[in-house]
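Let's take a walk through a protein model together. Have a look at the picture first, then read on.

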Amino acid sequence: MMPLSMVASGETVRLIAVRGGRGICFRLAELGLVPGATFQVIQGSGQGPLILAFGETRLALGRGMAHKIYVESFMRGGQECQNN
Amino acid sequence: MPKQLTVALAGNPNAGKSTIFNALTGARQHVGNWPGKTVEKKEGLCRYGDYEINVVDLPGTYSLSAYSLEEVIARDYLLEAKPDVVIDVIDAANLERNLYLAIQILELESPLVIALNMSDIAAARGLRINIAKLSEGLGRVPVVPTVATKKQGIDELIRQLISVAELRYSEEKSYRRGKKDG
């Protein structure tokens, strides 16, 4: 498990938890970022906002919010990486 | 005299609201394949049989607890203008993410029809959506699969929204009559 802000570009991850207050949890849920959500990180670690892809839909997310989101690596085909 | 209806198009960004708007009204509203294209509401007219339908295209929103200006516009319109029917445009290829807003609109008790848009893309990805179950799960809301770019399902969408509006109208009438009698 690692913060979303550490994920490298191109990786596919699954959301484990959001460590934050009610406000951020609500907002992220509205955007579809709930535990279990799987998405690809188009633009990841480094500086500036992140870009996430859910199929065709893309989301931009501030780095501050990404710090509070914990994810694990996810391989397509049901096989998971060892990254916990 | 034609019967007049006001219909609002709501939905997540980039779900195809403006494409459905164009298919309904024959307008050529600018449509772009990126979210946030529509930042203010736009109106157009659609004639169908005896009906004159005023279609309002709202900016995309993820929820009704508005964070950005576009979301405020969409929410205020749904809450204050009280359209006869709300069409929630859902990207069928991203069904789950889109249901959050659908539930919120249902909670407003707005008369709702769901347009399951881009159903061709969902099918191409191997997604098979059980329309009857989805409708049942959302409390018997009419769900119409559409492919707005090819104008598929648009006639059915219009028929469904007219029947929802008619039902609402007759319910209101009988409610008022009931009040008078009581």
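Which residue takes a positive phi in the hairpin of strand 4 of chain A and strand 5 of chain A? It is Gly55(A), with a phi near 60°, and the hairpin has two residues between the strands.

Before we go further, some ground rules. This is a predicted model, where local features need pLDDT of at least 70 and side-chain atom pairs count only at pLDDT 80 or more, while totals for chains, interfaces and linings use all residues. Residues are numbered from 1 along each chain as its sequence is written, chains are lettered from A and ligands numbered from 1 in the order in which they are written, and side-chain values use heavy atoms, with hydrogens and water left out.

## Chain A: a sheet

Chain A has two helices and six strands. Helices (H or I, at least four residues) and strands (E, at least two) are DSSP runs, numbered from the N terminus. Reading from the N terminus on, the order is β-β-α-β-β-β-α-β.

How do the strands sit side by side, and in what order? They make an open sheet in the order 1-6-2-3-4-5, with antiparallel pairing. To count as a pair, two strands need at least two bridges found by DSSP. Strand 1 (2–3) and strand 5 (57–61) of chain A are at the edges with a single partner strand each, so one side of each has no neighbour in the sheet.

Here are three of the pairings in chain A:

| Strands of chain A | Bridges | One facing pair |
|---|---|---|
| Strand 2 (residues 12–18) and strand 3 (residues 38–43) | three bridges | Arg14(A) and Thr38(A) |
| Strand 3 and strand 4 (residues 50–54) | three bridges | Gln40(A) and Ala53(A) |
| Strand 4 and strand 5 | five bridges | Phe54(A) and Thr57(A) |

Strands 4 and 5 of chain A also bring Ile51(A) opposite Ala60(A). Another hairpin links strand 3 of chain A to strand 4 of chain A, with six residues between them, and Gly46(A) in that turn has a positive phi of about 130°.

Now for the side chains. In a regular strand they alternate between the two faces of the sheet. Strand 5 of chain A shows this: Thr57(A), Leu59(A) and Leu61(A) point to one face and are buried, while Arg58(A) and Ala60(A) point to the other and are not. "Buried" means under 20% relative accessible area, with exposed over 50% and partly exposed in between (1.4 Å probe, protein chains only). Buried residues make up 40% of the 84 residues in chain A.

## Chain B: three places to look

Start with helix 1 (residues 17–25) of chain B. How many of its nine residues are buried? Nine of the nine are, among them Lys17(B), Phe21(B) and Leu24(B). Just after this helix, Gly26(B) takes a positive phi of about 75°.

Next, find Thr146(B) in the loop between strand 6 (143–145) and helix 6 (154–181) of chain B. Thr146(B) is buried, with a relative accessible area of 1%. Leaving aside neighbours within four places in sequence, Thr146(B) has contacts (heavy atoms within 4.5 Å) that include Ile20(B), Asn117(B) and Gln152(B). The side chains of Thr146(B) and Asn117(B) also make a polar contact at 3.0 Å. A polar contact is a pair of N or O atoms within 3.5 Å; within protein, one must be able to donate a hydrogen and the other to accept it, and residues adjacent in sequence count only if both atoms are side-chain atoms.

Finally, Leu5(B) lies in strand 1 (residues 3–11) of chain B. Leu5(B) is buried, with a relative accessible area of 10%. Its contacts beyond four places in sequence include Tyr51(B), Ile53(B) and Leu161(B). The C-alpha atoms of Leu5(B) and Val55(B) are 8.4 Å apart, although 50 residues separate the two along the chain.

## Where the chains meet

The contact takes ten residues from chain B and twelve residues from chain A. About 1,100 Å² is buried between the two chains, and carbon and sulfur atoms give 45% of that. Buried area is the accessible area (1.4 Å probe) that two parts lose on being put together, summed over both.

Which residues form the salt bridge between the chains? Glu71(B) pairs with Arg27(A), and their closest N and O atoms are 3.5 Å apart. A salt bridge needs a side-chain nitrogen of Lys or Arg within 4 Å of a carboxyl oxygen of Asp or Glu.
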